[in-house]
Amino acid sequence: MKTNITPLRMCTGCGEMFDKRTLVRVVKSPEGEISLDLTGKKAGRGAYVCKNAECLKKARKKKAFERAFSVTIDDTIYDEMIKEIENAK
């Protein structure tokens, strides 16, 4: 009997483990651009966050994405990501 393994990822905002499909991927493209990846298929390094703006705000406050990607992220990029998450609901 084959067992299906569900991939788990940690939310960078709250730090809890969730099923990969329930989270939103934030990706740093090979060109260095930071953006939300709602499909989960963009190329680049990824970090995950819950599908609510509060977890994204927590990750912003902790500078979790800046550590994960080793870059400085501008506030306008965070504001755009918060708008995208709120509009995706």
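# A tour of the sheet, its helices and three loops

Begin with the sheet of this predicted model: three strands form an open sheet in the order β4-β3-β5, and the pairing is antiparallel. Select β4 (34–37) and β5 (45–49), which stand at the edges; each has a single partner strand, so one side of each is left without a neighbour in the sheet. Looking across the sheet, neighbouring strands are turned by 30° against each other on average, direction ignored.

**The strand β3**

Select residues 24–28, which make up strand β3. How many of its five residues are buried? Four of the five are buried, and β3 is mostly covered.

Turn first to the pairing of β3 with β5, which is antiparallel and extends over five bridges. To locate one of them, pick Arg 25, whose bridge partner in β5 is Tyr 48.

Now select α3, residues 75–88: this helix packs on the sheet and touches β3, β4 and β5. Its direction makes about 10° with that of β4.

On the other side of the pairing, β3 and β4 run antiparallel and are joined by four bridges. Val 26 stands opposite Leu 36 in β4. Lys 28 also has a bridge partner in β4, namely Ile 34.

**The turn between β3 and β4**

Follow the chain from β3 into β4. The two strands form a hairpin with five residues between them. In the turn, select Gly 32, which has a positive phi of about 95°.

Pro 30 is also in the loop between β3 and β4. Is Pro 30 buried or exposed? With a relative accessible area of 67%, Pro 30 is exposed. Show its surroundings: apart from neighbours within four places in sequence, Pro 30 is in contact with Ala 43 and Gly 44. For a distance across the model, draw a line from Pro 30 to Gly 13; their C-alpha atoms are 24 Å apart, with the two residues 17 apart in sequence.

**The loop before β3**

Go back along the chain to Lys 20, in the loop between β2 (17–19) and β3. Lys 20 has a relative accessible area of 32% and is partly exposed. What does Lys 20 touch, not counting residues up to four places away in sequence? Its contacts are Pro 7, Leu 8, Arg 9 and Tyr 48. Tyr 48 is the residue already met as the bridge partner of Arg 25. A second line can be drawn from Lys 20 to Asp 75: these residues are 55 apart in sequence, and 26 Å separates them in space, C-alpha to C-alpha.

**The helix pair α1 and α3**

Two packed helices are described by the angle between their axes and the distance between the axes. Select helix α1, residues 53–62, together with α3: their axes come within 9 Å and cross at roughly 165°. That makes α1 roughly antiparallel to α3. The crossing of α1 and α3 is right-handed.

Which residues make the contact? On the α1 side, show Ala 53, Leu 56, Lys 57 and Arg 60. On the α3 side, show Asp 75, Tyr 78, Asp 79, Met 81, Ile 82, Ile 85 and Glu 86. Coloured by class, the contact of α1 with α3 has six nonpolar residues, five charged ones and no polar ones.

**Two residues with positive phi**

Most residues other than glycine have a negative phi. Two selections in the loops around α2 (64–69) are worth a look at the backbone.

Select Lys 63, in the loop between α1 and α2. Lys 63 is not a glycine, yet its phi is positive, at about 55°. Its relative accessibility is 47%, so Lys 63 counts as partly exposed, the limit for exposed being over 50%.

Then move to Ser 70, in the loop between α2 and α3. Ser 70 also has a positive phi of about 55° without being a glycine. The relative accessible area of Ser 70 is 65%, and the residue is exposed.

How values were computed
Residues are numbered from 1 along each chain as its sequence is written. This is a predicted model: local features need pLDDT of at least 70, side-chain atom pairs count only at pLDDT 80 or more; totals for chains, interfaces and linings use all residues. Side-chain values use heavy atoms; hydrogens and water are left out. Two strands pair if DSSP finds at least two bridges between them. Axes are lines fitted to C-alpha atoms, for helices over the stretch in contact, and angles run from 0 to 180 degrees between N-to-C directions. Contact means heavy atoms within 4.5 Å. Angles under 35 degrees count as roughly parallel, over 145 as roughly antiparallel, 65 to 115 as roughly perpendicular and the rest as oblique. A crossing is left-handed if the near helix is turned anticlockwise from the far one by less than a right angle, and right-handed if clockwise. Ala, Val, Leu, Ile, Met, Phe, Trp, Tyr, Cys and Pro count as nonpolar, Asp, Glu, Lys and Arg as charged, and the others, Gly among them, as polar. Buried means under 20% relative accessible area, exposed over 50%, partly exposed in between (1.4 Å probe, protein chains only).
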